[in-house]
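Thanks, everyone. Let me put the model up, and then we'll start at the ligand.

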Amino acid sequence: MSKVVIIGAGGVGGVVTHKCAQLPDVFQEIVLASRTESKCRAIAEQVPRAIRTAPIDADNVPELSAFLASEKPDLVINVALPYQDLHIMDACLNAGVHYLDTANYEPPDTARFEYSWQWAYREKFEKAGLTALLGSGFDPGATNVFTAYLARHYFDEIHTLDIIDVNGGEHGYPFATNFNPEINIREVTAECRHWEDGRFVATPAMSTRQSFACPEGVGTYNIYRMYHEELESLAQNFPSLKKAQFWMSFGDSYLKHLEVLQNVGMTGIEPVAFEGREIVPIQFLKALLPDPATLGPRTRGKTCIGCVVTGVKDGKEKTAYVYNIKDHQDCYQEVKSQAISYTTGVPAMIGAKLILEGKWRRPGVWNMEQMDPDPFMEDMNKHGLPWTVIEDPGFNLL
Ligand code: NDP
């Protein structure tokens with residue numbers, strides 16, 4: 001019998017719950033716990049299987065530890081916010097439970113995300129005989145596994161990596177974010193860093209762009225270079241990489257609004273005094289913007305996320321591109337969500353499945369590319385995220 005506790009009842013939490021519920025042989029018992037229990041119940045009502053819900057504040061480590069000790073799950077799937085990562089890892093250690101998340105820890109008062117805080121837990125998880133799997137979403141997540149899969153099956157040595165995340169979806173709002181607005185805006189406005197010749201090179205946010213033609217008629221989009229957390233672990237775990245970059249598509253309307261919001265201070269994370277109380281501008285902005293979990297019925301179009309890798313095979317230079325294309329409306333029909341939450345929630349379910357099945361169970365703290373990529377890739381095809389590899393696609397990337 002395996003039992004899982006899912007923490008976080010947002011857009012991603014909804015998808016993870018639906019997808020785990022589809023596999024009763026693997027996830028025999030599911031508990032969905034979050035700060036606002038009514039959101040858990042709303043998700044539970046959509047799922048065609050009985051799941052339990054609970055209110056929990058994951059920042060309260062003693063309370064969460066006691067909750068896990070009484071529930072005795074095998075695994076916690078953390079799809080709350082990055083701010084909760086360390087608290088949930090502490091509670092998992094206290095209660096002897098395996099751990100999985102989709103985004104690396106970020107302190108609330110500094111817009112800086114890196115793995116150092118979570119990698120510092122390696123010894124604790126190893127000694128406890130527990131697995132902690134970091135970044136099991138799409139990017140990070142599937143993109144790490146894509147890289148490991150290409151490196152294993154298509155190359156003797158890999159030299160460059162370009163992760164390209166295109167969202168060709170339209171929700172009809174002038175400005176909305178596809179996942180938690182606070183986390184999304186912090187990520188997009190952060191200084192860009194890419195890996196080159198053994199070090200990270202910093203450039204201003206959104207200062208480098210190119211045009212990318214997606215396969216299968218998804219369209220041609222402007223993609224912007226930005227820092228993304230998987231670059232940190234991939235640069236370490238694939239030391240032959242000479243250059244690694246992350247690119248994301250943004251529409252003109254999104255960028256125009258973001259620039260204005262930044263210029264007037266609405267994306268700030270420092271508290272400001274307002275009518276006798278303190279407010280954090282970006283948190284106030286989040287309250288005004290559409291909830292990403294409500295974008296599902298309105299979003300039309302497709303996502304196309306993949307990795308372009310160059311390197312050497314049998315003494316010859318080559319390129320391979322692996323990608324998944326997902327239709328927003330297909331996701332909505334299946335799990336009542338748009339494709340951004342879907343493409344994050346499915347890899348979270350697959351990572352959890354592989355831990356519970358013992359295929360990815362290994363004491364310590366791990367990034368996705370450190371695990372065997374083959375069973376994950378097989379499950380992507382089976383559970384809604386089929387992928388394609390094109391060899392020598394003829395791209396001319398920056
Ligand atoms: P949402 O904001 O929609 O949902 C977050 C949920 O976490 C909410 O239900 C929220 O509760 C709950 N929560 C927040 N704080 C606490 C707390 N202290 N205790 C318990 N629950 C809490 O976010 P998303 O679903 O869009 O994103 C979830 C995670 O997925 C984020 O970490 C995000 O960074 C990550 N992500 C990863 C991607 C990837 O590809 N790797 C892509 C997209 C997202 P409440 O409802 O009360 O606010």
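The shell around the ligand is mixed: 16 nonpolar residues, 13 polar and five charged. Keep in mind that this is a predicted model. In total, 34 residues surround the ligand. Which of them come nearest? Those are G8, G10, A58, G137 and F179. Among the secondary structure elements, look at helix α1, residues 11-21. Helix α1 gives the most to the shell, with three residues.

Now the core. The largest nonpolar core holds 111 residues. Its members with the most contacts inside it are I7, L32, V76, I77, C92, A132 and A352. The biggest contribution, 11 residues, comes from helix α13, which covers 339-356. As general background, nonpolar side chains in soluble globular proteins tend to be buried together.

Let's take L32 from that list. What is L32 in contact with, leaving aside its neighbours within four places in sequence? The contacts are I6, A9, G13, T17, C40, I43, A44, I51 and T53.

Step back to the whole chain. The protein has 14 helices and 18 strands. Its radius of gyration is 20 Å, close to the 21 Å that the globule rule gives for 398 residues, so the protein is as compact as a globular protein of that length. Along the principal axes, the C-alpha atoms fill a box of roughly 55 × 55 × 40 Å. Of the 398 residues, 49% count as buried.

Last, contact range. Take contacts between residues at least 6 apart in sequence. Of these, 71% join residues at least 24 apart.

That's the tour. Questions, please.

Conventions:
Residues are numbered from 1 along each chain as its sequence is written. This is a predicted model: local features need pLDDT of at least 70, side-chain atom pairs count only at pLDDT 80 or more; totals for chains, interfaces and linings use all residues. Helices (H or I, at least four residues) and strands (E, at least two) are DSSP runs, numbered from the N terminus. The radius of gyration is taken over C-alpha atoms; the globule rule is 2.2 Å times the number of residues to the power 0.38. A residue is buried if 20 or more other C-beta atoms lie within 10 Å of its own, exposed if 12 or fewer, and partly exposed in between; C-beta atoms are placed from the backbone. Two residues are in contact if their C-beta atoms, placed from the backbone, lie within 7 Å. A residue is near a molecule or strand if its C-beta atom, placed from the backbone, lies within 6 Å of it. Ala, Val, Leu, Ile, Met, Phe, Trp, Tyr, Cys and Pro count as nonpolar, Asp, Glu, Lys and Arg as charged, and the others, Gly among them, as polar. A nonpolar core is a set of buried Ala, Val, Leu, Ile, Met, Phe, Trp, Tyr and Cys residues joined through C-beta atoms within 7 Å.
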